[in-house]
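Subject: Structure handover

Hello,

Here is the structure you were going to look at. My notes on what was found in it follow below.

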Amino acid sequence: MENLLISACLLGIECRYDGKSVKSVDIEALKEKYNLIPMCPEIYGGLTTPRCPSERVGERVMMKDGTDVTENYKRGALIAYKMCCIFNCKTALLKERSPSCGCWQIYDGSFSGRLTDGDGCTAELLKSKGINVIGESHIKKIM
Ligand code: SF4
């Protein structure tokens, strides 16, 4: 079976900024087709759970309290890519709208709930390396 990199929070792991998960995929159906390789780039980047929410602001990533966490996000993205290489993952199923995992649309940096076109740091790096990045609402594309 093919290995699939997947945002851990989608599997019910409580690693989100608010200490919760967002279990929103059919895990059993996924397991029939893929070996699941869970990862959380924000944890890999050295952030704690729970943590202050962050959004991308241009090339930086900022916490709502003004802390610049860009380097944490970059480190987490690199480790996520390293995991793709180790496990030979050609596809990543990532949590939409996250400043790390979000693909195609993310929050716009104003902490007002507004969305803008763009990728989270990890989704951006994986795409640039040729990984097929899919958001959870498009899961049918890989099933
Ligand atoms: Fe989920 Fe990704 Fe955020 Fe971790 S960084 S909590 S895997 S969306």
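How many residues surround the ligand, and which are the closest? The model is predicted, and in it 14 residues surround the ligand. The closest are Cys 9, Cys 40, Glu 42, Lys 95 and Cys 101. By type, the shell around the ligand divides into seven nonpolar, three polar and four charged residues. As for the site itself, the ligand sits in the largest pocket.

Next, the aromatic residues. The count of aromatic pairs comes to zero. One ring does have a charged neighbour: Lys 127 lies over the face of Trp 104, at 2.8 Å from the ring centre.

Some notes on the helices. Helix α4 covers residues 121–128, and its buried residues are Cys 121, Thr 122, Ala 123, Leu 125 and Leu 126. Just after α4 comes Gly 130, with a positive phi of about 90°. Helix α3 runs over residues 70–87 and contains Arg 75. Is Arg 75 buried or exposed? Arg 75 is partly exposed, because its relative accessible area of 43% falls between the cut-offs of 20% for buried and 50% for exposed. Arg 75 and Glu 96 are 21 residues apart along the chain, and their C-alpha atoms are separated by 20 Å.

The backbone has a few places to look at. Most residues other than glycine have a negative phi, and most peptide bonds are trans. Against that background, three sites in loops are listed here.

- Thr 49 and Pro 50 are joined by a cis peptide bond, with omega about -5°. Pro 50 lies in the loop between α2 (41–44) and β3 (54–57).
- Asn 88 is not a glycine, yet has a positive phi of about 55°. The residue belongs to the loop between α3 and β5 (91–94). Asn 88 counts as partly exposed, at 49% relative accessibility.
- Phe 111 also has a positive phi, of about 55°, although it is not a glycine. Phe 111 is found in the loop between β6 (105–107) and β7 (115–117). With a relative accessibility of 24%, Phe 111 counts as partly exposed.

If you open the model, the ligand shell is a place to start, with Cys 9, Cys 40 and Cys 101 among the closest residues. The cis bond between Thr 49 and Pro 50 can be looked up after that.

Regards

Note on methods: Residues are numbered from 1 along each chain as its sequence is written. This is a predicted model: local features need pLDDT of at least 70, side-chain atom pairs count only at pLDDT 80 or more; totals for chains, interfaces and linings use all residues. Side-chain values use heavy atoms; hydrogens and water are left out. A residue is near a molecule or strand if one of its heavy atoms lies within 4 Å of it. On a 1 Å grid over the protein atoms alone, a cavity is a set of points where a 1.4 Å probe fits but cannot get out, and a pocket is an open set with protein on both sides within 12 Å along at least five of seven lines; lining residues have an atom within 4 Å of a point. A molecule sits in a cavity or pocket if more than half of its atoms lie within 2 Å of its grid points. Ala, Val, Leu, Ile, Met, Phe, Trp, Tyr, Cys and Pro count as nonpolar, Asp, Glu, Lys and Arg as charged, and the others, Gly among them, as polar. Rings of Phe, Tyr and Trp (its six-membered ring) pair if their centres lie within 6.5 Å; planes under 30 degrees apart count as stacked, over 60 as edge-to-face and the rest as tilted. A charge sits over a ring if NZ of Lys or CZ of Arg is within 6 Å of the ring centre and within 35 degrees of the ring normal. Helices (H or I, at least four residues) and strands (E, at least two) are DSSP runs, numbered from the N terminus. Buried means under 20% relative accessible area, exposed over 50%, partly exposed in between (1.4 Å probe, protein chains only).
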